[in-house]
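Trainee: Before we look, could you take me through the surroundings of a ligand and then the aromatic contacts, giving the criteria as we go?

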Amino acid sequence: MGLLRLDKFLADSGIGTRSQVKVLIKKGKVRVDDNVIMSTDYKIDTESQKVYVENIPVNYNEFVYFMLNKPAGCVTATTDKIDKTVLDYLNDVKIKGLFPVGRLDKDTEGLLLITNDGELSHNLLSPKKHVEKTYFVRTDIPITSEIIDGLETGVDIGDDKPTLPAKVTYANDNKFETYISITEGRFHQVKRMYKAFGAEVIYLKRISMGSLKLDDDLALGEFRALSDDEINRLKS
Ligand code: URA
C-alpha cells in the first residue's frame, strides 16, 4: 500500500470520519510504532509501521462498514436530484464507492448498512441466502392472531409466488404494533403483506439484518462504524 496520510489511514480503516479521526490525532490518542503522532498529515508506511488508537492496533481495511439509523424522508440511493439520500448523512466520510446494502422506502426508518464491500452486499441480498430482516410495524388496525397466522404462512401479494413464511410477534399488548421477520426483499414487501389483510402500515422501522442489530444509541440520521465483531459475524 505504501505511504498514506495518517488521517486517511484511520478513516479508511473505519475508525471514524475524517474529522473524527483528526480529533483523535490532535488529542494524542494515536501512536505510530512507539511515537504519539499529533499531526494529521503525517505519512505512514503501511507496510512497515504499526498504528494504534488508544493502544489498540488498527488494521488497514480496504473495506468499511457503517450502520445508519435512517430517518424517514430520505431515499436509499447514492444520488438523487430531488431528495436527500442516505449517503448525505455520511458526508464527512471521504471514502469513495460507498453504497447502501438493499433498500428501505423513503418513509421507512431504521437499520441500513452502508459499505464499499460489494461481495458482502451481494451475499446479504442474495435470495438464496435467506438473510433475515426484522421490522417493527405499526398498523392502522389491530393485527389479529388470524392475520399473524396468514403472514407466517406466506401471502399472495400479487407476485408470481406467495411470500415465504415470516415470523410475527406482538411488540406489546396493543395489537397495532408487531415485529415481522422476513427472508426476502421484495419491493414494499412488508407493507404489501399487511395490506393483503386490510392493514395499512403507518410506521415501519428495520431493527435488524442478519446478525446486525440497530444500535439503540444512534439517533435518527446518526451513523457509526461497525465493530470488528459485527463485521465478522455478518461475514460468517
Ligand atoms: N418492506 C417495505 O414495505 N418497505 C421497506 O422499506 C422495507 C420492507
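Trainee: Which classes of residue make up the shell around the ligand, and how many are there of each?

Mentor: A residue belongs near a molecule if one of its heavy atoms lies within 4 Å of it, and Ala, Val, Leu, Ile, Met, Phe, Trp, Tyr, Cys and Pro count as nonpolar, Asp, Glu, Lys and Arg as charged, and the others, Gly among them, as polar. Here the shell has four nonpolar, three polar and two charged residues, and the residues surrounding the ligand are Leu104, Asp105, Thr108, Tyr135, His188, Gln189, Val190, Lys191 and Leu204. This is a predicted model, in which local features need pLDDT of at least 70 and side-chain atom pairs count only at pLDDT 80 or more, while totals for chains, interfaces and linings use all residues. Residues are numbered from 1 along each chain as its sequence is written, and side-chain values use heavy atoms, with hydrogens and water left out.

Trainee: Which helix gives the largest share of that shell?

Mentor: Helices are DSSP runs (H or I, at least four residues), strands likewise (E, at least two), both numbered from the N terminus; the largest share, three residues, comes from helix α5 (residues 189-195).

Trainee: What polar side-chain or backbone atoms lie by the ligand's nitrogen and oxygen atoms?

Mentor: A polar contact is a pair of N or O atoms within 3.5 Å. A polar side-chain atom of Asp105 lies 2.7 Å from a ligand nitrogen, an N or O atom in the side chain of Thr108 is 2.8 Å from a ligand oxygen, and a polar backbone atom of Gln189 is 3.4 Å from an oxygen atom of the ligand. The protein covers 96% of the 230 Å² of accessible area that the ligand has on its own, as computed by the Shrake-Rupley method with a 1.4 Å probe.

Trainee: How many aromatic pairs does a search of the whole structure find?

Mentor: Rings of Phe, Tyr and Trp (its six-membered ring) pair if their centres lie within 6.5 Å, with planes under 30 degrees apart counted as stacked, over 60 as edge-to-face and the rest as tilted; the search finds three pairs. In one of them, Phe136 and Tyr203 are edge-to-face, 6.0 Å centre to centre with 65 degrees between the planes. Phe136 lies in strand β10 (residues 133-139) and Tyr203 in strand β13 (residues 201-209), so the pair ties together parts that are 67 residues apart in sequence. Phe136, Tyr179 and Tyr203 form one aromatic cluster.

Trainee: Is Phe136 buried or exposed?

Mentor: Buried means under 20% relative accessible area, exposed over 50%, and partly exposed in between (1.4 Å probe, protein chains only); Phe136, at 12%, is buried.

Terms used: A polar contact is a pair of N or O atoms within 3.5 Å; within protein, one must be able to donate a hydrogen and the other to accept it, and residues adjacent in sequence count only if both atoms are side-chain atoms.
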